[in-house]
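Reader: I have a model open at the bench and would like some help reading it. Could we go through it together?

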Amino acid sequence: KLAPSNAPLNIVLIVADTFRADRLTMQRDGKPLMPNLAAFAAESWYYRNCRCQATWTKPSMASLFTSLYPDVHRVLFGIEDKVEGVDSPRSDVLPASFETMAEYLKLHGYATAGIQSNSHVTKHFGFEQGFDSYPLRLHPEFHANAVSDAAIEQMGKLSPPFFLYVHYMDTHGPYDLPKDDPRRPLPPADLTDQDRELLDHWNDGYLDRVLFQVRLNPKRRFGDFSKTGEDFIRRKYDASANYLDGEIARFTARLRDQFPNTAIVFTADHGEELFEHGSVGHAKTVYEELARVSLIVKIPGATPR
């Protein structure tokens with residue numbers, strides 16, 4: 001059923017964590033990585049030169065939620081822990097004094113809900129401000145299929161006008177697809193023992209690299225990936241992007257069918273280094289592969305451009 005022509009638009013914000021802007025139009029083995037999202041961009045306002053405000057999640061999302069620079073909101077640091085317990089430490093909480101987009105929309109009559117899957121953007125750190133509902137679906141226990149399912153279920157409970165924020169994590173390291181997904185790339189036979197150790201201990205290896213690079217540890221416990229290992233990491237990332245493309249398409253198809261009077265915004269909190277400058281991951285630098293993000297805005301009836 002179409003909404004009255006003067007009805008306020010519903011607003012859905014989709015954030016793909018750690019999603020590189022170049023993957024939107026890239027091909028892998030002769031096939032487009034993200035055909036659904038590319039088609040969506042072609043019928044929307046597609047911003048090709050968007051930059052995030054920080055190259056890791058917590059300060060970037062604080063800026064996205066408040067329209068403030070990191071130097072203003074000061075949500076700059078995180079902690080090395082999963083944080084939902086009452087005794088967990090709190091660091092750089094989003095100040096209640098700043099109005100978030102959820103608070104603004106709620107003040108103007110919107111129902112508000114978020115589906116969250118990143119431990120840095122939880123209620124514990126103040127990011128639930130303005131949301132009527134803000135359930136947590138932590139990755140990697142919950143992949144994109146579970147996030148889409150939760151978003152579709154939540155959408156069915158909302159009365160227009162509503163604001164729904166959906167956060168996917170599947171292009172975040174270690175870029176593992178669900179175990180039964182046929183797109184999950186098989187490790188090549190010529191991976192080195194060091195490659196396999198790094199793959200088996202992704203978080204430890206990554207933290208070891210970061211602490212050495214910022215000179216907090218004098219030497220490395222883990223080594224570096226071989227060229228074969230680097231290529232395998234890129235394949236894993238691209239397989240996760242392809243998987244994410246299908247799940248976002250499944251969610252937005254249901255959304256557009258059920259609530260056509262909806263503005264849909266797709267973006268990312270930051271990109272990802274994939275060895276262009278000798279490293280993998282994010283937060284350590286502000287290279288283009290990290291700072292440039294996709295921004296796609298679909299307004300019902302608006303001319304694509």
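Author: Happy to; below we take the overall fold and then some backbone details of this predicted model.

Reader: How many helices and strands are there in the protein chain?
Author: Both kinds of element occur in the protein chain. The count is 9 helices and 10 strands.

Reader: Why can the chain be called as compact as a globular protein of its length?
Author: The globule rule gives 19 Å for 305 residues. The computed radius of gyration is close to that value, so the chain is as compact as a globular protein of that length, at 19 Å.

Reader: Which peptide bond ahead of β6 (162–168) is cis?
Author: Let's start from the loop between α5 (144–157) and β6, where P161 is found. Omega is near -5° for the bond that leads into P161, and that bond is cis. In general, most peptide bonds are trans. The bond you want runs from P160 to P161.

Reader: And which residues does a cis bond with omega of about 10° join?
Author: Look in the loop between β6 and α6 (193–200), where P174 lies. The cis bond there joins G173 and P174.

Reader: Is F275 buried or exposed?
Author: F275 sits in the loop between β8 (273–274) and β9 (280–281), and its phi is positive, about 75°, although it is not a glycine. Buried means under 20% relative accessible area. F275 has 10%, so it is buried.

Reader: What about A283, buried or partly exposed?
Author: A283 is in the loop between β9 and α9 (288–291), with a positive phi near 85°. Its relative accessibility is 41%, so A283 counts as partly exposed.

Notes
Residues numbered from 1 in each chain as written. Predicted model: local features only at pLDDT ≥ 70, side-chain atom pairs only at ≥ 80, totals over all residues. Heavy atoms only, no water. Helix = DSSP H or I, 4+ residues; strand = E, 2+ residues; numbered from the N terminus. Rg over C-alpha atoms; globule rule 2.2 N^0.38 Å. Buried < 20%, exposed > 50% of the residue type's maximum accessible area, 1.4 Å probe, protein only.
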